[in-house]
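Hi,

Here is the structure I said I would pass on to you. Open it up next to this email, and then read on for what I found in it.

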Amino acid sequence: MPCLHHSLSTLPSFAKSADKTAKKSTFASCKTLQIRAMRAVVQRVTSASVEVDGHMVSEIGPGLLVLVGLHESDTDSNADYICRKVLNMRLFTNESTGRGWDQNVMQRNYEVLLVSQFTLYGVLKGNKPDFHVAMPPQKAKPFYESLVDKFRKAYRPDAIKDGVFGAMMKVH
């Protein structure tokens with residue numbers, strides 16, 4: 001059975017960062033994985049929405065909900081990588097052939113909901129989370145907005161939705 005701290009810090013191959021120098025680890029070794037670049041947690045959804053202060057700010061139908069965590073050392077190349085990977089991940093069934101895991105969000109004409117999530121860089125120090133490696137808010141807000149723009153330019157602007165940076169969001 002893998003140790004808990006390792007399984008929480010290890011992301012699936014489609015969610016790994018662009019940092020090619022990240023240390024590789026196995027479940028058996030229980031070493032902490034060192035990832036020093038943007039993280040994205042991707043979930044297929046039939047629908048998703050974001051609510052702030054009781055008001056719906058964004059919603060999508062079928063597509064992808066993407067939680068995005070920014071590391072303090074992220075660059076435009078990390079944003080380009082995440083954008084390209086998320087939009088091209090073959091996560092959906094091809095209805096004409098019946099093949100599973102065959103089409104990406106663009107081929108299916110689905111939508112993407114991006115949500116900033118600095119807690120993806122939380123590290124437990126005792127029983128308290130520490131977010132010191134997350135990008136500081138004053139730098140993260142314009143960086144996140146540029147990431148959303150990259151998605152809109154790479155796909156259809158109307159198919160890319162996002163939450164409210166820095167707000168307490170309810171994600172459904």
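Let's begin with a pair of charged side chains: D130 and K125 meet in a salt bridge, with 3.6 Å from N to O. D130 counts as partly exposed, at 22% relative accessibility. Before you go further, keep in mind that this is a predicted model.

That pair has company, since a search of the whole structure finds seven salt bridges. Another of them links E95 and R108, whose closest N and O atoms are 2.8 Å apart. Both residues sit in the loop between α2 and β5, so this bridge ties together parts that are 13 residues apart in sequence. Are its two ends buried or exposed? E95 is exposed, with a relative accessible area of 65%, whereas R108 is buried at 17%.

K161 and E111 make a salt bridge too, at 3.6 Å from N to O. K161 belongs to strand β8 and E111 to strand β5, so here the pair ties together parts that are 50 residues apart in sequence. K161 is partly exposed, with a relative accessible area of 24%. E111 has 18%, and because the cut-off for buried is under 20%, E111 counts as buried.

Now for the sheet. Which order do its strands take? Look for β1-β4-β5-β8, an open sheet of four strands with mixed pairing. In general, strands of a sheet pair through backbone hydrogen bonds, and they can do so parallel or antiparallel. β1 and β8 (160–162) are the edge strands, each pairing on one side only. On average, neighbouring strands in this sheet are turned by 20° against each other, if you ignore direction. β1 and β4 run antiparallel and are joined by seven bridges. If you want a spot to zoom in on, find R39, which stands opposite G69 in β4.

Next, the helices. α3 lies across β4, β5 and β8, and runs at about 160° to β8. α2 has 13 residues and reaches 18 Å from its first C-alpha to its last, close to the 18 Å expected at 1.5 Å a residue. Which residues of α2 are buried? They are N78, A79, Y81, I82, C83, V86 and L87. A handy rule for reading such a list is that an α-helix has 3.6 residues a turn, so residues three or four places apart point the same way. The cover over the buried residues of α2 includes β1, β4, β5 and α3.

That brings us to the inside. How many residues does the largest nonpolar core have? It has 30, and those with the most contacts inside it are M38, L64, V66, L70, V86, L114 and F151. At least two residues of this core come from each of β1 (39–45), β4 (63–69), α2 (76–88), β5 (111–116) and α3 (137–154). V86 is a good place to see this: leaving aside its neighbours within four places in sequence, V86 is in contact with V42, L64, V66, V105 and F151. There is also a second, separate core of nine residues, and V50, I60, L113 and V115 are among them.

When you have a moment, try colouring V86 and its contacts V42, L64, V66, V105 and F151 in your viewer. After that, pick out K161 in β8 and E111 in β5, and see how their salt bridge ties the two parts together.

Cheers

Key. Residues numbered from 1 in each chain as written. Predicted model: local features only at pLDDT ≥ 70, side-chain atom pairs only at ≥ 80, totals over all residues. Heavy atoms only, no water. Core = buried A, V, L, I, M, F, W, Y, C linked by side-chain atoms within 4.5 Å. Buried < 20%, exposed > 50% of the residue type's maximum accessible area, 1.4 Å probe, protein only. Contact = heavy atoms within 4.5 Å. Pairing = 2+ DSSP bridges. Axes fitted to C-alpha atoms, helices over the stretch in contact; angles between N-to-C directions. Salt bridge = Lys/Arg side-chain N within 4 Å of Asp/Glu carboxyl O. Expected span 1.5 Å × (residues − 1).
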